[in-house]
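Got your viewer open and your mouse ready? Let's take a walk through this structure, one selection at a time.

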Amino acid sequence: MSSAMSAWIDTLAQQHLDAAYNLGRWLLGNEHDAADAVHDAYLRAARSAHTYAGGNARAWWLMIVRNCCLAKLATRKRELPLRPVDEAAVQAPDAPADAVEEQAHAAQCRALLVAQLRALPEEFRETLVLREMEDLSYREIADVLGVPIGTVMSRLARGRALLQRALSPAQESKHGL
Amino acid sequence: MDCKDVLGTLEAYLDGELGRVEARALEAHVDACADCRAQLDRLDALRRALRDPALRAPAPPHLRERLRAAAAALPRARRRPAAWLRYAAAVLLAFGAGGVSVYLWTSTRGDDIARDLFASHWRALAATSPVDVPSSDRHTVKPWFAGKLAQAPLVQDFAEQGFTLLGGRIDYAGSERIPVLVYRHGQHLADVFVLGAAAAPASTSRRGYTLQAVTLGGQHAAIVSDMDAEESARLGALLSAAH
């Protein structure tokens, strides 16, 4: 690998490290595995820099991160089929005991949303994470997932509908989401 | 737009993926229709909830450090001579082949852009549709770009001259979002990348596809297609005369 290319990979990985880590956390359910997957992805990106065929570099990097996460998930399913996910890892921070009622309610809504998002099937969860948290366009998401744009749109629609249905009791309560 | 159309495009609207004309029509409907407005509000509430920064933890400093350590441990020094050899071989080949442009692995910025433009063209050919806004009407295509980019390109249809405007899309060249105009000429598809002030890469070819540097309305642009050089030059002449 040329030193210019490795410098490019280093910059790319550092620049989009938060996005990579966040995707890993939501796909794998805990921080430790997410960090491992991002580390694997970095090594894979450095080895396969020559396969980059132009286009959106962030989408290329997140595609590698996602592949490393899926590889980890596959291993986990094979080796530890009953391993529970680390619930505490992505638990929303609890409001302090003396917080006003509204803060407590907001925290409660957030915890419910986190639980429901984690309960979504993987394909809807990852699409929503890339769209809403990482702000990727439909085309970028299509590149990361290796699916047509139409599939991205239908997964977003289905994922949102599932979340809305699951959260509707919370939405009917006094503050909404 | 009726309720059915609106409900089907609300999400694309919130995701910023709707053209300006459609977005205006949707807004007009939603202003007047309480049911659609309620669904828009529900989707927007969900969107805001998912964008709560509390749901997105930043990467911990130790991970950043871990990647730096991994970078330092990669066997780069050992590989440098190989890269140097590859470079030398490419230079020799370039001279040996007598003017055939050879893509150097240690690329310059112009080469990076050319690579992006070829890749974008190939991706578009592989996609279900090469355009995000399918229209042969320049009065539709130009406003669509205007709603998404700071500067919309000059859009003109050359159907009478044999180059039919199919529509447009937005793609990346480096980290820049740039407009792409798509024309059909016989069985060929031609992408016109409007690069603006950035210099177009030198004309080149790759895997049977050609890239030709042209100007469009005073802006640098590049045609990427599998047309032969003569046809590509004809489209180039039409574009440079566009007004």
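Which residues touch the most other members of the largest nonpolar core? Select A:Ala20, A:Leu23, A:Val38, A:Ala41 and A:Val65: those are the ones, out of the 48 residues in that core. Before going on, keep in mind that what you're looking at is a predicted model.

**Stop 1: around A:Val38**

Stay with A:Val38 and show what is around it. Leaving aside residues up to four places away in sequence, A:Val38 touches A:Ala20, A:Tyr21, A:Gly24 and A:Val65, plus B:Leu63 from chain B. There is another core too, lying apart from the one you just saw, and it has 37 residues. To find it, pick out B:Val131, B:Phe193, B:Leu195 and B:Ala221, which are among its members.

**Stop 2: all of chain A**

Now color chain A by secondary structure. You should find 8 helices and 0 strands, so to speak a plain run of α-α-α-α-α-α-α-α along the sequence. Chain A has 177 residues, and 37% of them count as buried. Look at the contacts in chain A with a separation of 6 or more: residues 24 or more positions apart account for 68% of them.

**Stop 3: a loop in chain A**

Zoom in on A:Asp135, in the loop between helix H6 (122–133) and helix H7 (138–145) of chain A. Its phi is near 60 degrees, a positive value in a residue other than glycine. Is A:Asp135 buried or exposed? Count the C-beta neighbours inside 10 Å: there are 12, and a residue with 12 or fewer is called exposed, so A:Asp135 counts as exposed.

**Stop 4: where the chains meet**

Show both chains together. The contact takes 44 residues from chain A and 39 residues from chain B. On the chain B side, the elements giving two or more residues are helix H3 (34–50), helix H4 (61–73), helix H5 (76–96) and helix H6 (109–126) of chain B. H3(B) provides the largest share, with 7 residues. Color that side of chain B by class and you get 20 nonpolar, 3 polar and 16 charged residues.

**Stop 5: helix H1 of chain B**

Next, select residues 3–14 of chain B, which make up helix H1. At 1.5 Å a residue, its 12 residues should span 16 Å, and the end C-alpha atoms are indeed 16 Å apart, so the two agree. The buried residues here are B:Val6, B:Leu10 and B:Glu11. Turn the view to look down the axis of H1(B): the buried residues fall within an arc of 135 degrees, so they line one face of the helix. Here's a handy bit of background: an α-helix has 3.6 residues a turn, so residues three or four places apart point the same way. On the face of H1(B) turned away from the buried side, look for the exposed residues B:Lys4 and B:Gly8. Just after H1(B) comes B:Gly16, with a positive phi of about 70 degrees.

**Stop 6: strands in chain B**

Last, select strand S2 (residues 164–173) and strand S3 (residues 176–185) of chain B. They run antiparallel and are joined by 9 bridges; one pair to click on is B:Ala173 with B:Glu176. S2(B) and S3(B) form a hairpin with 2 residues between them, and B:Gly174 in the turn has a positive phi of about 65 degrees.

Add strand S4 (residues 188–196) of chain B, which pairs with S3(B) in the antiparallel sense over 6 bridges. Here B:Tyr183 has B:Ala190 as its bridge partner in S4(B). S3(B) and S4(B) also form a hairpin with 2 residues between them, where B:Gly186 in the turn has a positive phi of about 60 degrees.

How values were computed. Residues numbered from 1 in each chain as written. Chains lettered and ligands numbered in written order. Predicted model: local features only at pLDDT ≥ 70, side-chain atom pairs only at ≥ 80, totals over all residues. Helix = DSSP H or I, 4+ residues; strand = E, 2+ residues; numbered from the N terminus. Buried ≥ 20, exposed ≤ 12 C-beta atoms within 10 Å, placed from the backbone. Contact = placed C-beta atoms within 7 Å. Nonpolar A, V, L, I, M, F, W, Y, C, P; charged D, E, K, R; others polar. Expected span 1.5 Å × (residues − 1). Arc of directions from axis to C-beta. Pairing = 2+ DSSP bridges. Core = buried A, V, L, I, M, F, W, Y, C linked by C-beta atoms within 7 Å.
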